[in-house]
Amino acid sequence: MTTLAHRHHAPSHVGVRHADVVALPRSDAATVAAVEALIADSVASLHDLWADLARTVVPRPGVLHTDSVLELLDAMIGSGGKRLRPRMCHWGWVAAGGARDGRGHDDMVRAAAALELLHVFALIHDDVMDSSDSRRGLPSVHVQARRQHLDLGGHGDPGRYGENIALLVGDLAHSEADVLMAGLPPRLRAIWRTLTVELMLGQGRDLVGAANGRRDLVHAREVARVKSGAYTVWRPLQLGAAAAGAASDTLDALNAYGQEVGVAFALRDDILGVLGDPRETGKPVGDDLVAGKPTVLMALATQRFGPRWRAVLERTGTEALTEDDVAGLQAELVRSGVIAEVEDMVDAAVQAASRALDTPAVDPAAAEGLRALARRIGWRAS
């Protein structure tokens, strides 16, 4: 049974209402541990293959070397994370009765490990696309590679070099994720293919929307649904449930839950992207404003802001945006009520997600765990 663990207080400048966060049942911890062990085994195997393929080249001290690609991947994998996708995969498996008979457990863990490696790929590439200098409180992969180029006196443009190396690191993580999925049943591989295409589609819409200056709510919600919601919540749930042989009524309930939690996840990302505490998020404050991302929050701001601040909003995503502009927009988002409106949307989504689990098609233990996870996602500070 879950217990009330603590009352979560978001940083005061975020303007987030306080909400009770329920501690997750411990049963997903074993899956997370198994996922981390499998990732460690996969990385060890990758090291062996890399060493074999590179055995004819001995890196010289004091110069750039290709092994940095593997080293940067190691560092990114080891930098932490909330393991949300493996947890969703776990609860999807439990929801379909997997914990009762153990059916599909190994497939579920394998899919969950692949999800975590795919997430590493997505973060690395996302930081390159958004020109983000930090991730999880550390320099982004492309920033680390750029520094290596500068420190070792490499030829050419250090920034371009850093971005190119980061792309290789991300590609390697994606490749290893695909290796893990390759041996799984066709049903799971089909879901995986859909998930990866959705991720690319969502990221593409994000980039194109920013380039087109999109500020409409319909576009913002679609980007959030495809890029964040499906990839973070619904598809991991579906993978876990499919591993346990889920029936259609179970998948329908998980889909309804996943759609709502995906909304809560994306909306919380919107808030953290403009007002989050860097000590919690591990990223610079106001990143989404600088990038001009077509988020739901930005769409609402366009509707609510007066002429003066709409003009400033138009400068987001361009070099004309100043630090004072960012600070002013942050204050106006709170003053205008946009943040409060998005908070209400988060609350509504979390409650709707909880109601979606009121069905015998979902194992009671999974319903308990998923409700707790929805609250954790909706009211997280990072």
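# Salt bridges, helix H15 and confidence in a predicted chain

This is a predicted model; the mean pLDDT of the chain is 88, and 93% of its residues reach 70 or more.

Reader: Which element of the chain has the lowest confidence, and which has the highest?
Author: Confidence varies from element to element in this predicted model. The lowest mean, 31, belongs to strand E1 (residues 4–8). The highest, 97, is found in helix H7 (residues 158–182), so that the two names asked for are E1 for the lowest and H7 for the highest.

Reader: Over which residues does pLDDT stay under 50, and how many contacts beyond four places in sequence does the model have for them?
Author: Strand E1, at residues 4–8, has the lowest mean confidence in the chain. The stretch where pLDDT stays under 50 covers residues 1–25, and the contacts that the model has for this stretch beyond four places in sequence number 59.

Reader: How many salt bridges does a search of the whole structure find?
Author: One of the salt bridges joins the side chains of Arg 83 and Glu 116, at 2.9 Å from N to O, and another joins Arg 268 to Glu 343. Counted over the whole structure, the salt bridges come to 14.

Reader: Which parts of the chain does the salt bridge between Arg 83 and Glu 116 link, and how many residues apart are they?
Author: The side chains of Arg 83 and Glu 116 meet with N and O 2.9 Å apart. Arg 83 comes from the loop between helix H2 (67–77) and helix H3 (84–95), while Glu 116 comes from helix H5 (residues 105–130), and the two residues are separated in sequence by 33 residues.

Reader: Is Arg 83 buried or exposed, and what is its relative accessibility?
Author: Arg 83 sits in the loop between H2 and H3, where its phi is positive, near 55°, although the residue is not a glycine. Both Arg 83 and its partner Glu 116 are buried. The cut-off for buried is under 20% relative accessible area, and Arg 83 counts as buried because its relative accessibility is 13%.

Reader: Which residue is linked with Arg 83 and Glu 116 in a network of salt bridges?
Author: Arg 83 and Glu 116 form a salt bridge with each other. The network of salt bridges that holds these two also includes Glu 36.

Reader: Why does the salt bridge between Arg 268 and Glu 343 tie together separate parts of the chain?
Author: The closest N and O atoms of Arg 268 and Glu 343 are 2.9 Å apart. Arg 268 belongs to helix H10 (residues 248–275) and Glu 343 to helix H16 (residues 338–356), so the parts that the pair ties together are separated in sequence by 75 residues.

Reader: What are the relative accessibilities of Arg 268 and Glu 343?
Author: A residue is buried if its relative accessible area is under 20%. Arg 268 counts as buried at 0%, and Glu 343 is likewise buried, its value being 1%.

Reader: Where do Asp 325 and Arg 315 lie, and how many residues apart are they?
Author: Asp 325 and Arg 315 form a salt bridge, with their closest N and O atoms 3.0 Å apart. Asp 325 is part of helix H15 (residues 323–335), whereas Arg 315 is in the loop between helix H14 (307–313) and H15, and the separation is 10 residues. Asp 325 counts as buried at 10% relative accessibility, while Arg 315 counts as partly exposed at 29%.

Reader: Against which helices do the buried residues of H15 pack?
Author: Helix H15 has 13 residues and spans 19 Å from its first C-alpha to its last, close to the expected 18 Å. Its buried residues include Asp 325, Val 326, Leu 329 and Leu 333. The helices against which the buried residues of H15 pack are H10, H12 (287–291), H13 (296–304), H14 and H16.

Reader: Which residue follows H15, and what is its phi?
Author: H15 consists of residues 323–335. The residue named as following this helix has a positive phi, near 90°, and is Gly 337.

Reader: Which residue lies over the face of Phe 265, and at what distance from the ring centre?
Author: Rings pair if their centres lie within 6.5 Å, and by this rule the count of aromatic pairs comes to zero. The face of Phe 265 is nonetheless covered by a residue, Arg 380, whose distance from the ring centre is 4.2 Å.

Terms used. Residues numbered from 1 in each chain as written. Predicted model: local features only at pLDDT ≥ 70, side-chain atom pairs only at ≥ 80, totals over all residues. Heavy atoms only, no water. Phe/Tyr/Trp six-rings, centres within 6.5 Å; stacked < 30°, edge-to-face > 60°. Lys NZ or Arg CZ within 6 Å of the ring centre and 35° of its normal. pLDDT = per-residue confidence, 0-100. Helix = DSSP H or I, 4+ residues; strand = E, 2+ residues; numbered from the N terminus. Contact = heavy atoms within 4.5 Å. Salt bridge = Lys/Arg side-chain N within 4 Å of Asp/Glu carboxyl O. Buried < 20%, exposed > 50% of the residue type's maximum accessible area, 1.4 Å probe, protein only. Expected span 1.5 Å × (residues − 1).
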